[in-house]
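Grab a pencil and keep the structure open while you work. Try each exercise yourself before you read the solution.

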Amino acid sequence: ATTITAGTWHTCAVHATGTISCWGYNGSGALGNGTTTSSSVPVPVTDITDATAITAGLPHTCAIHDTGTISCWGLGWGSLGDGTTTSSSTPVPVTGITDATAITAGFHHTCAIHDTGTMSCWGRNDIGQLGDGTTTDSSVPVEVTF
């Protein structure tokens, strides 16, 4: 493994090959293997072979691809960044990000740094955690306001 992340109930690792394995609780699909069956041993994430970074929130996981795009999977609530609030047990692309260099996840939200140094966040925003000056949830990335 080259990097590891731990969510509240699951853990994931990126391998040197760019593939990802996850293990733990999978009730919302946070393991990314197309099921909602939990696993006490690592299982491969579906269709990712070029991951460079990974982060895990409470019920979701996101990875940066070597192209700078991001995919997320797990509990919806907008935390997958695909414009929906639908959960997914397989990776879905985050809308509009093609230049991510870093990523981190919170409880039900995720934030990424772009190669320009700007930041975007998506997901729950009930206490302003997206940094856009509102408390409105967003299922797509919004720019952090400085």
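**Exercise 1. Find out how strand 7 and strand 8 are joined, and then place them in their sheet.**

Step 1: Strand 7 (residues 70-74) is joined to strand 8 by 3 bridges, and the two run antiparallel. Strands here are DSSP runs (E, at least two residues), numbered from the N terminus, and two strands pair if DSSP finds at least two bridges between them.

Step 2: Pick out one bridge: Gly74 has Ser88 in strand 8 as its partner.

Step 3: Now zoom out to the open sheet, where 4 strands come in the order 5-6-7-8 with antiparallel pairing. Strand 5 (51-56) and strand 8 (88-93) are the edge strands, each pairing on one side only.

Step 4: From one strand to the next, the twist averages 20 degrees. For such angles, axes are lines fitted to C-alpha atoms, and the angles run from 0 to 180 degrees between N-to-C directions.

A quick word on the ground rules: this is a predicted model, where local features need pLDDT of at least 70, side-chain atom pairs count only at pLDDT 80 or more, and totals for chains, interfaces and linings use all residues. Residues are numbered from 1 along each chain as its sequence is written, and side-chain values use heavy atoms, with hydrogens and water left out.

**Exercise 2. Describe the protein chain as a whole: which elements does it have, and how does its radius of gyration fit a compact globule?**

Step 1: Count the elements: the protein chain has 12 strands and 0 helices (a helix would be a DSSP run of H or I, at least four residues).

Step 2: Check the radius of gyration, taken over C-alpha atoms; the globule rule is 2.2 Å times the number of residues to the power 0.38. For 146 residues a compact globule would come out near 15 Å, and the protein chain's 14 Å agrees with that.

Step 3: Along its principal axes, the C-alpha trace spans about 40 × 30 × 20 Å.

Step 4: Of the 146 residues, 50% are buried (under 20% relative accessible area; exposed is over 50%, partly exposed in between, with a 1.4 Å probe and protein chains only).

**Exercise 3. Track down the salt bridges of Arg124.**

Step 1: The whole structure holds 2 salt bridges (a side-chain nitrogen of Lys or Arg within 4 Å of a carboxyl oxygen of Asp or Glu).

Step 2: Arg124 meets Asp126 at 3.3 Å, N to O. Asp126 counts as partly exposed because its relative accessibility is 43%.

Step 3: Arg124 also meets Asp137, at 3.9 Å, N to O. Asp137, at 41%, is partly exposed too.

Step 4: Put the pieces together: shared partners join Arg124, Asp126 and Asp137 into one network.
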